[in-house]
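Grab a viewer and work through these exercises on helix packing and empty space. Try each task before you read its solution.

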Amino acid sequence: MVRLILASQSPARTKLLAEAGIRHTVLVSDVDEDAVQARYGVTDPHDTALLLARAKAEAVAALPEAEGALVLGCDSVFEFDGEAHGKPYTAAVARERMLRMSGSSGVLHTGHWLVDCRDTASDGGAGEAGSGATLGTVASAEVAFLEMEPTEIDAYIATGEPLHCAGSFTIDGLGGAFIRKVDGDPHTVVGLSVSTLRGLLAAANVRITDLWAAPETTG
């Protein structure tokens, strides 16, 4: 049975996979995102998303628990006015960003990186040999926001939801009320494009249907 490990602590990503019927477990990396960016000097939002996704995937792939599994790392970066916006963490930063974003639009980049940790030598058993693949790509979607009143922004920030989300918003939670439209895969805005994952799995000689959870049966 093919195993998929999600190298992310994001509840939204694991919920998305679960709702898509994809079997997986979660193993969080200890990657220092600031240190990774400082080491490579990457500032472009698109490239930053891919760099951090790769760092997370490779960190988990190096753990003993990942042996024989496929590891998926993801990271999202919001590009607005040419700037890269990660998680705001503080109410003040979130408010400043959302006031600027009101009535405007930006691009959410989600990097995906897949590492095949299965043995590349077939043992002749039921399990297939691994591909040795380590590859990734970025899925991007343009997000257009409605005009937001300052009181609405303050109420949203008070919930705590936007403080730990790239760009200070969600599409699958309370923040969805402020999004006018999305040009691209909406799953990308959640933080993981299932169709992109399908393509990466195919490069590792795995069908996404191999990861579908078996339907429950009733007696």
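**Exercise 1.** Work out how helix α4 and helix α5 cross, and which residues make the contact.

*Solution.* Keep in mind that this is a predicted model.
- Step 1: find the two helices, α4 at residues 91-101 and α5 at residues 150-158.
- Step 2: look at the geometry. Their axes come within 10 Å and cross at roughly 145°.
- Step 3: get the hand. For α4 and α5 the crossing is right-handed.
- Step 4: pick out the partners. On the α4 side you'll find Ala91, Ala94, Arg95, Met98 and Leu99, and they meet Pro150, Ile153, Asp154, Tyr156 and Ile157 of α5.
- Step 5: sort the α4 and α5 contact residues by class, which gives eight nonpolar, no polar and two charged.

**Exercise 2.** Now do the pair α2 and α3: are they parallel or oblique to each other?

*Solution.*
- Step 1: α2 covers residues 33-40 and α3 residues 45-61; the two pack at about 120°, with axes 10 Å apart.
- Step 2: apply the cut-offs. An angle of 65 to 115 degrees would count as roughly perpendicular, and one over 145 as roughly antiparallel. The α2 and α3 pair fits neither range, so the two helices are oblique.
- Step 3: the hand of the α2 and α3 crossing is right-handed.
- Step 4: for the contact itself, α2 offers Glu33, Val36, Gln37 and Tyr40, while α3 answers with Thr48, Leu51, Leu52, Ala55 and Lys56.
- Step 5: the tally for α2 with α3 is five nonpolar, two polar and two charged residues.

**Exercise 3.** How many cavities of 30 Å³ or more does the whole structure hold, and which residues line the largest cavity?

*Solution.*
- Step 1: searching everything turns up one cavity of that size.
- Step 2: the volume of the largest cavity is about 30 Å³.
- Step 3: its lining is Met98, Met101, Phe145, Met148, Tyr156, Phe169, Gly175 and Phe178.
- Step 4: by class, that lining has seven nonpolar residues, one polar and no charged.
- Step 5: link back to Exercise 1. Met98 and Tyr156 are in this lining, and both also belong to the contact of α4 with α5.

**Exercise 4.** Describe the largest pocket and say which helix gives the largest share of its lining.

*Solution.*
- Step 1: the largest pocket encloses about 690 Å³ of space.
- Step 2: its lining takes in 29 residues, and those closest to the centre are Ser10, Arg13, Lys87, His164 and Cys165.
- Step 3: at least two lining residues come from each of α1 (11-19), β3 (70-80) and α6 (186-190).
- Step 4: α1 gives the largest share, three residues.
- Step 5: the pocket lining splits into 13 nonpolar, nine polar and seven charged residues.

Definitions and conventions. Residues are numbered from 1 along each chain as its sequence is written. This is a predicted model: local features need pLDDT of at least 70, side-chain atom pairs count only at pLDDT 80 or more; totals for chains, interfaces and linings use all residues. Side-chain values use heavy atoms; hydrogens and water are left out. On a 1 Å grid over the protein atoms alone, a cavity is a set of points where a 1.4 Å probe fits but cannot get out, and a pocket is an open set with protein on both sides within 12 Å along at least five of seven lines; lining residues have an atom within 4 Å of a point. Grid points are joined across faces, edges and corners, and a volume is the space filled by probe spheres set on the points. Helices (H or I, at least four residues) and strands (E, at least two) are DSSP runs, numbered from the N terminus. Ala, Val, Leu, Ile, Met, Phe, Trp, Tyr, Cys and Pro count as nonpolar, Asp, Glu, Lys and Arg as charged, and the others, Gly among them, as polar. Axes are lines fitted to C-alpha atoms, for helices over the stretch in contact, and angles run from 0 to 180 degrees between N-to-C directions. Angles under 35 degrees count as roughly parallel, over 145 as roughly antiparallel, 65 to 115 as roughly perpendicular and the rest as oblique. A crossing is left-handed if the near helix is turned anticlockwise from the far one by less than a right angle, and right-handed if clockwise. Contact means heavy atoms within 4.5 Å.
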